[in-house]
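Here is a friendly briefing to read with the fold open beside you. It begins with one term that the rest of the tour leans on, then goes topic by topic.

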Amino acid sequence: STSPATGERMWTSKQTLEGFREVLRVANPDRILVVGKRNWEMMAGGTEYFPKRPPIPEEGFKLPRIWRDKDGINKIAYWYPTTPGNYALCAPIYHPAYPKGFHADATSKVVAQLLRKDWEPPKGP
């Protein structure tokens, strides 16, 4: 078993963050579907991991009630920086190993909302 601090490094280590930013830069996606609640909790709005171009909240993309926590950090989707001037809209679904959430109506609603073509990415560096 790993300690919480060791487990968190899986998401927050320098190698992990550099790798994630590199994937975003090389792939330059316009959408990112995050699979798993813990993955989303660790990255949602992770401004400390993107100090030069932090993720930007998308206030128009409200997540279903099952994603809302008492602190509110998981209430909305975020635009993550990819290449200069480009962003990818990022939202979560439950992991398939959690059938109760993965097969919920909320999952299909998040995916449908994420795939809408009318999202306007932020303007910026």
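A residue is called buried when its relative accessible area is under 20%, exposed when that area is over 50%, and partly exposed in between. With that in hand, please keep in mind that this is a predicted model. The protein has five helices and four strands, and along the sequence they follow the pattern α-α-β-α-β-β-β-α-α. Of its 125 residues, 38% count as buried.

**The sheet as a whole**

- The four strands form an open sheet in the order β1-β4-β3-β2, and their pairing is mixed.
- At the edges sit β1 (31-35) and β2 (56-62), each of which pairs on one side only.
- On average, neighbouring strands of this sheet are turned by 35° against each other, direction ignored.

**Strand by strand**

- Which way do β1 and β4 run as a pair? They run parallel, and five bridges join them.
- Within that stretch of the sheet, V35 stands opposite I93 in β4.
- β1 has two faces: I32 and V34 are on the covered one, while R31, L33 and V35 are on the uncovered one.
- Strand β3 (residues 76-81) pairs with β4 (residues 87-93) in the antiparallel sense, over four bridges.
- Two pairs to look for here are W79, which stands opposite L89 in β4, and P81, whose bridge partner in β4 is Y87.
- β2 and β3 also run antiparallel, joined by four bridges, and K62 has I76 as its bridge partner in β3.
- Is β3 largely enclosed or open? Six of its six residues are buried, so the rest of the structure largely encloses this strand.

**The hairpin between β3 and β4**

- Five residues lie between the strands of this hairpin, and one residue to check there is G85, which takes a positive phi near 85°.
- T83 also belongs to the loop between β3 and β4.
- Does T83 count as buried or exposed? It counts as buried, because its relative accessibility is 15% and the cut-off for buried is under 20%.
- Leaving aside neighbours within four places in sequence, T83 is in contact with R25, N28 and R53.

**Helices**

- Helix α2 (residues 14-27) gives a neat check on geometry: at 1.5 Å a residue, its 14 residues should span 20 Å, and its end C-alpha atoms are indeed 20 Å apart, so the two agree.
- Just after α2 comes N28, with a positive phi near 45°; N28 is also one of the residues in contact with T83.
- Helix α5 (residues 105-115) lies across β1, β2 and β4, and runs at about 170° to β4.

**The nonpolar core**

- In soluble globular proteins, nonpolar side chains tend to be buried together.
- In this model, the largest nonpolar core has 28 residues, and W40, F61 and Y80 touch the most other members.
- At least two residues of this core come from each of α2, β1, α3 (37-43), β3, β4 and α5.
- Which strand gives the most to this core? That is β4, with six residues.

**Around H95**

- H95 is placed in the loop between β4 and α4 (99-102).
- With a relative accessible area of 40%, H95 is partly exposed, because that value falls between the cut-offs of 20% and 50%.
- The side chain of H95 reaches the backbone nitrogen of A97 at 2.9 Å.
- Not counting residues up to four places away in sequence, H95 touches V35, G36 and F102; V35 is the residue that stands opposite I93 in β4.
- H95 and K37 are 58 residues apart in sequence, yet their C-alpha atoms are 7.3 Å apart in space.

**Contacts across the sequence**

- Among contacts between residues at least 6 apart in sequence, 66% join residues at least 24 apart.

Terms used:
Residues numbered from 1 in each chain as written. Predicted model: local features only at pLDDT ≥ 70, side-chain atom pairs only at ≥ 80, totals over all residues. Heavy atoms only, no water. Pairing = 2+ DSSP bridges. Axes fitted to C-alpha atoms, helices over the stretch in contact; angles between N-to-C directions. Contact = heavy atoms within 4.5 Å. Buried < 20%, exposed > 50% of the residue type's maximum accessible area, 1.4 Å probe, protein only. Expected span 1.5 Å × (residues − 1). Polar contact = N/O pair within 3.5 Å; in protein donor to acceptor, adjacent residues only side chain to side chain. Core = buried A, V, L, I, M, F, W, Y, C linked by side-chain atoms within 4.5 Å.
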